[in-house]
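This report describes some features of the structure shown here. Its topics are the nonpolar core, a strand with its partners, and a helix.

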Amino acid sequence: MQPVSVWCETNLSDFVADAMRFVTGADIGVVHGGGIRAALPAGDLTYGLIVSVFPFNNWMAKIEMTGRQLMDCMEVGVREWPKENGDFHIASGLRYTIDPSIPSSVLFDENNLFAGVGNTRRIVSMEVLLNGIWTPVDPERTYTVGGLDYTLVNKGASGMFAEGVPVPFEPIKDTEAILQYLHSLGDTIPAAYAEPHGVFAVKK
C-alpha cells in the first residue's frame, strides 16, 4: 500500500482515514498529507511496519464542527492543488470535487494560521456518508470528525480545525487505531484497498 503524497489520495491513506472514522465512531475520518510516513509492503503486516507509517506517537481525537467549518477546512487543503501542500487531508465518509480554475481565497493571519475563506471556493460539491447514503453537506448541521490530535486539537496543519469542539473520547494512540481497524477486518486488508477509493475528484 502506497503512502500518501501531500496533495493526493492513495490506497493507504484511504485505509488510514477509514480507521480514524471507525475507532472514533465519527461521521468523518481525516488524516493529513504529512502524517503518513511509510508504505506497507505486500505480505505479513507487523507492528513495526505500522509504527513506520505513524512514527510520531500521536493520540486520536474527535471533534464537532458545522458543515460550513468542515467545508472551510477542506478548502484549506486544496488551496494550492496540484502543488504540494501538507494541509491536504484525505477523508473517510466524505467526498468532494474541486475546480482548480477557481482562485483560492483562503486567508491566514500574521502567525500563518487559518483565518477564513473569502468569496471564492475551489470545492464545488461536497457530500457526507450518513447511514449509508451520500448526502450534500449542510452548512448549518453539526458533524463529528475523527483523526489525530495534532491536527484536530493542537492546531497542526495551519490550525484549520481550530474551531472544532472536542468530543469526549477514550484516548488511544494512532498505531492502536490501525490495529483495532485491522482486527475488525479479520486481520487482513481487503482487496477493496488495492486502489484508492476516489473520494477526491477534480472537475474537468
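In this predicted model, the largest nonpolar core has 55 residues, and those touching the most other members are Ile28, Phe54, Met74, Leu94, Tyr96, Val145 and Phe161. Helix α1 (residues 11-24) gives this core its largest share, seven residues.

Ile28 also belongs to strand β1 (residues 28-32), where five of five residues are buried. The cover extends to both faces of β1: Ile28, Val30 and His32 are buried on one side, and Gly29 and Val31 are buried on the other. With residues up to four places away in sequence not counted, Ile28 touches Arg21, Leu70, Ala91, Ser92, Gly93, Leu94, Val128, Tyr143, Thr144, Val145 and Gly146.

Strand β1 pairs with two strands, as the table sets out.

| Partner of β1 | Direction | Bridges | A residue pair |
|---|---|---|---|
| β9 (residues 142-148) | parallel | two bridges | Ile28 and Val145 |
| β3 (residues 89-92) | antiparallel | four bridges | Val30 and Ala91 |

Val145, which stands opposite Ile28 in the pairing with β9, is also among the core residues that touch the most other members. Ala91, the bridge partner of Val30 in β3, is one of the residues that Ile28 touches.

Helix α3 (residues 67-77) is largely enclosed by the rest of the structure, because 10 of its 11 residues are buried. The buried residues are Gly67, Gln69, Leu70, Met71, Asp72, Cys73, Met74, Glu75, Val76 and Gly77. Of these, Leu70 is in contact with Ile28, and Met74 is among the core residues touching the most other members.

Key:
Residues are numbered from 1 along each chain as its sequence is written. This is a predicted model: local features need pLDDT of at least 70, side-chain atom pairs count only at pLDDT 80 or more; totals for chains, interfaces and linings use all residues. Side-chain values use heavy atoms; hydrogens and water are left out. Buried means under 20% relative accessible area, exposed over 50%, partly exposed in between (1.4 Å probe, protein chains only). Two strands pair if DSSP finds at least two bridges between them. A nonpolar core is a set of buried Ala, Val, Leu, Ile, Met, Phe, Trp, Tyr and Cys residues joined through side-chain atoms within 4.5 Å. Contact means heavy atoms within 4.5 Å.
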